[in-house]
Structure formats: structure tokens, C-alpha cells
Amino acid sequence: MDELEFRRRAYADPQSRDDDFIQASEETPERQQFLKDLNKLDAKLEQAMSLDVPDDLADKLLLNQQLSNHRQQKKTVSFMMAMAASVAMVLGVGYATWRMAPIELSEHAIAHVLHEPKALSAHGDISFNQINAQLASLKGFNDKGFSSQPGQIFYSTYCDFQGVRSLHLVMQGENGKVTLFIVPTEERMALESQFADNHFKGLGFSKGDAFLLLVGENQQDLQFARQELDQSFI
Amino acid sequence: MFTNWRKKKSEQSVKSDMLNKQRRYDSLVRALHKDIFRYAFWLCGDKQVAEDITQETFLRAWKSLDSLKDEKAAKAWLITILRRENARRFERKQFDYSDVEQDTLADSYSPSTEEHAEQYLIRRHISRLEPEYREPLVLQIIGGFSGDEIAEMLELNRNTVMTRLFRARNQLKDALESAEIRGQSNG
């Protein structure tokens, strides 16, 4: 290593631990002295650069962080509150709208028949006592029901008329099967006495506190079933 | 209800996580705030501003503490944040602190004794160095970083860094020696 290179390296980093640099520094006493002077300069520089740090700086830094943390937490909580409030409001408004909306019973009855084809192909034979037991759990049907068997009943289950629990029966008409819905009366329900779509015809009437809806394929069956009900349903 | 919920949350596993993070941060602050503050001072030349930048730096460090994987790299990581914060200061407002004549360096020592007078003199010379020479020198002497590490932090190549270090020491040495000579001739 020549003198120039050595001095360059020494000025750039007098504390270099590179092997060739250390070796070069030990070659002559002048170089050692030169390096010693530089290290002395570095020591002075370090002293000069190490100015006093305010005593409480560390505490200030920690406090600052705690405060910002706290703020953040508060922000998160209020954000969550706002979220919860708006979710609750949407649920409330949505539920109210849903509950208050008028129920078009006739449309729903036909749709229900179409969606449950297995009901029409059922071949059970259910006694009117069993159906009375089912009716008893509906709203306002404690002391109502069938007084006698209204022909054969093939199928019976609970179903949902837009939130109102009702009974879904399939009974024998004059020729074909007739679906009967027994729905507890509610103010928002709209009942049509006659309705139909391409395939099904329907009859609606109220008896006591209940709406009865009949859905079948032809008018005779419906009338037949209605007569049966007039006699047996109280 | 929400205070309950907050209490509950902090009592569960989140608590130990937060506590861990807090401990890491505490030790980071205590171990490194002096170096960071000094570095900030030599970057901007004003104690108050240096304190502000240090605050900003550590706050930002807290927010992204999870990204610090290697504790050994913490100092370099903080200095990188600090340099960014310092640059941001110039974006924010055009108070050009480092162009202000820095002869009036804040100094808590009274320059009465000879040693303090010398230190005061050295500080003045350091602050008169070009920032591009001063920065690597401070990193080397206070930070104890190697040429390679400085090069990485300042995004320069190593030769440039070594040249700047050479010039920085050279200028300081000249300045101090000429001051000595002048002092002698005056005396």
C-alpha cells in the first residue's frame, strides 16, 4: 500500500479493521503516529458531537407514544360505536318494513304450492285430531279446529306466510287434490276471494279468526273442499 | 358497556401482545434516543427542531414497529425513518434551518475552560461542513456504522461515502490546525 492510498484510507476510516490496512499502518512509525493523531481527532470529534440530550427526552418520547396510542384506541372505539349504531338502525328499519308490509296471501299461496311439489304427491292419512293438535300451537287457535274429519288429508305441515306461522294441508277434493292453508288473521293481510294463475285456481275466505285459502286445479274441487270445511271447521 | 368490552379485550391474549410491543418500544427508546437525537441535531442544527424530529421519528417507529424484524438493525432503521422525517419537514414548510448561519450553535457548556472552548470550536467547524460531508461523518462517529452500512443508508455507493469521509476529516483537520496556528500567532 503506497503512502497516498494509506492516507486516503486512514482519513476515510481511521478505525478500519481491514487486514491490509492494519498491516500497512504497522510498517513505519510515522504511519503509526499519523494514525494515532487521527484517532485523537476522532475522539475529539466524538466528544464534540455528543452534545447533551435533554434529560427527560426518553420519558417525553414514551409519553407521546402512550398519548397517540390512547387517541387511536378512542378513535377505534367511537368508530365501532358508529358501526354498531348504523347496523342496529338498518336492522331495525329493515325489520319494521318487513313486518309492516302487507302480505298478499293469494300470490303467496300459489307460490307456496309451486315450491312444494312433494306436498301434492304425499299419500298420508292424517286424522283431524292430529291436525287440531298442530293448530293449537298457532296464534289464536287454542279452542278452534276441526269438529270432524274433512275427507282424507294427505299431508300436513307448518309453513311460513311471510313471518306468520300457518298450517299447510293437502286434502281430497271431488276429483283431484286441494291444498289448504290455514293462516291466523293479521291486520296487514290482504285476502282475495278468488285468484288464479295459469295452472292453479284459488279461493280465499275467512272463518272465525282464520283465513282459509284453497288452491287446486279446478273449480269443482275447490267448491267441494269448501263445503267440507264449512261443515267441519269451527 | 364499551368500557367493559375494552377491558375484556385487553385482558385477553391481545394484552400480552401489546405488552410485548410496549416493552420492545420502551427498550428501543431508552437504548437509542440519545444517538437519534444527536444525529437529528447534526442534521438540522437546532436542538428544538432536533427534538421534534426525534418525536416524529419514534412515533412513526411505534406505528410500524411490527415491521422491524431484526433488533440489531434497529438503529439503521430508525435513522432511515429520521432522514425521511427530516426531508418531510422541508416539504411541509420552507424553513431552511441548515442554511441559517450556524455560528450561533446552541451550547449548554460555558466556553470558559480551555477544553470547552476547544469543543465549542470543533462543533462550529462540524456544523460548517457541507451537509453531504457531515452526514456520513456523524453516522460513522456517533452511529459507529461501517462504510457499507452508511452507503446503504444514504443510498450512495461505497466509494462515494469513503471519499466524503476523507474530505470531511481532511477539512476538519485543516480548519482545526489553522485555528491553532492562528491562536499561536495571536498569542
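Reader: What is the handedness of the crossing of α4(A) and α3(B)?

Author: In this predicted model, helix α4 of chain A spans residues 57-100 and helix α3 of chain B spans residues 47-63. Their axes come within 10 Å of each other. The crossing of α4(A) and α3(B) is right-handed.

Reader: How are α4(A) and α3(B) oriented to each other?

Author: The two axes cross at roughly 50 degrees. Angles from 65 to 115 degrees would count as roughly perpendicular and those under 35 as roughly parallel. The helices α4(A) and α3(B) are therefore oblique.

Reader: How do the residues of the contact of α4(A) with α3(B) divide into nonpolar, polar and charged?

Author: From α4(A), the contact draws on A:Leu57, A:Leu61, A:Asn64, A:Gln65 and A:Ser68. From α3(B), the residues include B:Glu51, B:Phe58 and B:Trp62. The division is five nonpolar, five polar and one charged.

Reader: Which strands stand at the edges of the open sheet of chain A?

Author: Six strands, paired antiparallel, follow the order β2-β3-β4-β8-β7-β6 in chain A. A strand at the edge has a single partner strand, so one of its sides is left without a neighbour in the sheet. The edge strands are β2 (153-161) and β6 (194-196).

Reader: Which residue in β7(A) is the bridge partner of A:Phe195?

Author: β6(A) and β7(A), the latter comprising residues 201-207, run antiparallel and are joined by three bridges. In β7(A), the partner of A:Phe195 is A:Gly202.

Reader: What angle does the direction of helix α5 of chain A make with that of β8(A)?

Author: Helix α5 (residues 105-115) packs on the sheet and touches β2, β4, β6, β7 and β8 of chain A. With the direction of β8(A), that of α5 makes about 50 degrees.

Conventions
Residues numbered from 1 in each chain as written. Chains lettered and ligands numbered in written order. Predicted model: local features only at pLDDT ≥ 70, side-chain atom pairs only at ≥ 80, totals over all residues. Axes fitted to C-alpha atoms, helices over the stretch in contact; angles between N-to-C directions. Helix = DSSP H or I, 4+ residues; strand = E, 2+ residues; numbered from the N terminus. Parallel < 35°, antiparallel > 145°, perpendicular 65-115°, else oblique. Left-handed = near helix turned anticlockwise from the far one by under 90°. Contact = placed C-beta atoms within 7 Å. Nonpolar A, V, L, I, M, F, W, Y, C, P; charged D, E, K, R; others polar. Pairing = 2+ DSSP bridges.
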